[in-house]
Amino acid sequence: MPNLERLRVIYDTSVLGFGQYDKAGRTGVFRLVENNVAGLAKSALCDLAFSASESPQMLVHAYDYLKRTGFLKEHKLLSYDGLARVYHFLEMNRFALSREPLTGAPRAIRRLISEGIQKLDKVIHPLEASSLRGALVYHSPYWALPESTRGVKGLHRFLTVHDLACIIHPEASEAGGAFLESILKSVAPNDYVICVSHSTKRDLLNFRKDLDPNRVFVIHSAAAERFQPVTDRETLVNVRRRYGITDAPYFLSVSTLEKRKNLVSLIEAFFHFSQLNPDCQLVLVGPSASAEKAIRTKIENLGLSKNRVRFTGFVDDNDLPALDSDCLAFVYPSFYEGFGFPPLEAMQCGAVVISSNGGSLPEVVGDAGLLV
């Protein structure tokens, strides 16, 4: 095999920093970025460096994530310098103090730490243009393309777009459309965009009619290798117990508890099913969000007991394959998805999948599940 020139690639890891800072941020986008980072780090074709250009806070938390996974042994995190180390020290102490009872001395220390962080926020630049010299590709898998990357000679800028939910369905989305619009506006006509589905590409080109379709590519995502059928009975039982799930058969749904996921309708459907099948339960996995109050109100109004509908909150990724493998069926009634990792992960674990036909889901589920 001929010797190929290694391509200098800078990959933004702000998403990993956010997921390290708050486990609720470990959504499908986090998983995609995590898998991409692992794949690029193993590639012999990449001279890889990481950035975290969203904010100084995400820079230091990305450092923690990368250090924990060992990637920093070979790949540099750009702009993590002396000032960032001071910021890191202050940020970690602020986090530690937030768990302490509020007394006089800690209150004064908190104020000093907050003032220090505010000042460093103004002087730390998470991505300097000088650090981009010689790079061929800058890739942001979520956040806006930084202004410092614009006009750098020989640099090709890529942005991954996952969905346009908050623009197309603002009434059913947790985040505001203005945030996503600012991300999409960072793309210049000579930049490149990766969309995770043909559905997302169509939505993007309808919103940004000035973009060249030939510079917008569709690359479908894949479920992580850890999502495989779990057959060990002891593992299945232990995971059930860990999240308070009884021995009864259960339907499973995995998503943030937001309006777009259409979980109130799922509760109604489960109620009607449970009238004829009183032994079944519904397990809702995912962090709290805008629709949780409406979901709980619907459960209460229908007279469903807590034993019939189980909220687990955030579930560790290592436990999800067992839940997917053991469910009666995986149900995903979302109004709209740019891709939709949970049904793909469930199918990879051998689960029966019942999904809506919203957005990209027909691309993901295909004829391997029941579309409604």
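Start by selecting Leu32, which is buried at 8% relative accessible area. Leu32 belongs to helix H2, residues 28-42. Keep in mind as you click around that this is a predicted model. Show the surroundings of Leu32 and, leaving out residues up to four places away in sequence, you get contacts with His162, Val196, Ser221 and Phe341. Now put a distance label between the C-alpha atoms of Leu32 and Val15: they are 17 residues apart along the chain, and the label should read 9.8 Å.

**Next stop: H1 against H3**

Select helix H1 (residues 14-21) together with helix H3 (residues 56-69). How far apart are the axes of H1 and H3, and at what angle do these helices pack? The axes are 7 Å apart and the angle is about 85 degrees. That makes H1 roughly perpendicular to H3, since anything from 65 to 115 degrees falls in that class.

Turn on side chains to see who makes the contact. From H1, pick Ser14, Leu16, Gly17, Phe18, Gln20 and Tyr21. From H3, pick Gln57, Met58, His61, Ala62, Asp64, Tyr65 and Arg68. Colour this contact by class and you'll find 6 nonpolar, 5 polar and 2 charged residues.

**Slide over to H4**

Keep H3 and add helix H4, residues 82-97. The axes of H3 and H4 cross at roughly 85 degrees and come within 10 Å. So H3 is also roughly perpendicular to H4.

On the H3 side, select Pro56, Gln57, Leu59, Val60, His61, Tyr63 and Asp64. Facing them from H4 are Ala84, Arg85, Tyr87, His88, Glu91, Met92 and Arg94. The class breakdown for H3 with H4 is 7 nonpolar, 3 polar and 4 charged residues.

Stay in H4 and zoom in on His88. Is His88 buried or exposed? At 8% relative accessibility, His88 is buried. Beyond its neighbours up to four places away in sequence, His88 touches Val60, Tyr63, Asp64 and Tyr80. Try a C-alpha to C-alpha label from His88 to His61: 8.1 Å in space, for 27 residues in sequence.

**Tyr80 and the nonpolar cores**

One of those His88 partners, Tyr80, deserves its own click. Outside the four-place window in sequence, Tyr80 touches Leu59, Val60, Tyr63, Arg85 and His88. Tyr80 is also among the residues with the most contacts inside the largest nonpolar core, along with Val33, Val37, Leu48, Phe50 and Leu77. How many residues does that core have? It has 42. A second, separate core has 25 residues, including Ala49, Leu164, Ile183 and Val193.

**Two unusual backbones**

Most residues other than glycine have a negative phi. Now select Ser79, in the loop between H3 and H4. Ser79 isn't a glycine, yet its phi is positive, at about 75 degrees. Ser79 counts as buried too, with 16% relative accessibility.

For the other example, jump to Asn262, in the loop between strand E7 (250-254) and helix H10 (263-276). The phi of Asn262 is near 60 degrees, again positive in a residue other than glycine. Asn262 is buried, with a relative accessible area of 12%.

**Arg215**

Go to the loop between helix H8 (198-207) and strand E6 (216-218), where you'll find Arg215. Arg215 is partly exposed, at 24% relative accessible area. Which residues does Arg215 contact, leaving aside its neighbours within four places in sequence? They are Pro189, Asn190, Asp191, Tyr192 and Val193. Val193 should ring a bell as one of the second core's residues. A C-alpha label from Arg215 to Phe158 reads 9.6 Å, with their positions 57 residues apart in sequence.

**Last stop: the cysteines**

Select Cys349, which is buried at a relative accessible area of 3%. Why doesn't Cys349 form a disulfide? The closest cysteine sulfur, in Cys327, is 8.8 Å from the sulfur of Cys349, too far for a bond, because a disulfide needs the sulfur atoms within 2.5 Å. Finish on Cys46, which is buried as well, at 10%. By that cut-off, the count of disulfides comes to 0.

Note on methods: Residues numbered from 1 in each chain as written. Predicted model: local features only at pLDDT ≥ 70, side-chain atom pairs only at ≥ 80, totals over all residues. Heavy atoms only, no water. Buried < 20%, exposed > 50% of the residue type's maximum accessible area, 1.4 Å probe, protein only. Core = buried A, V, L, I, M, F, W, Y, C linked by side-chain atoms within 4.5 Å. Contact = heavy atoms within 4.5 Å. Axes fitted to C-alpha atoms, helices over the stretch in contact; angles between N-to-C directions. Helix = DSSP H or I, 4+ residues; strand = E, 2+ residues; numbered from the N terminus. Parallel < 35°, antiparallel > 145°, perpendicular 65-115°, else oblique. Nonpolar A, V, L, I, M, F, W, Y, C, P; charged D, E, K, R; others polar.
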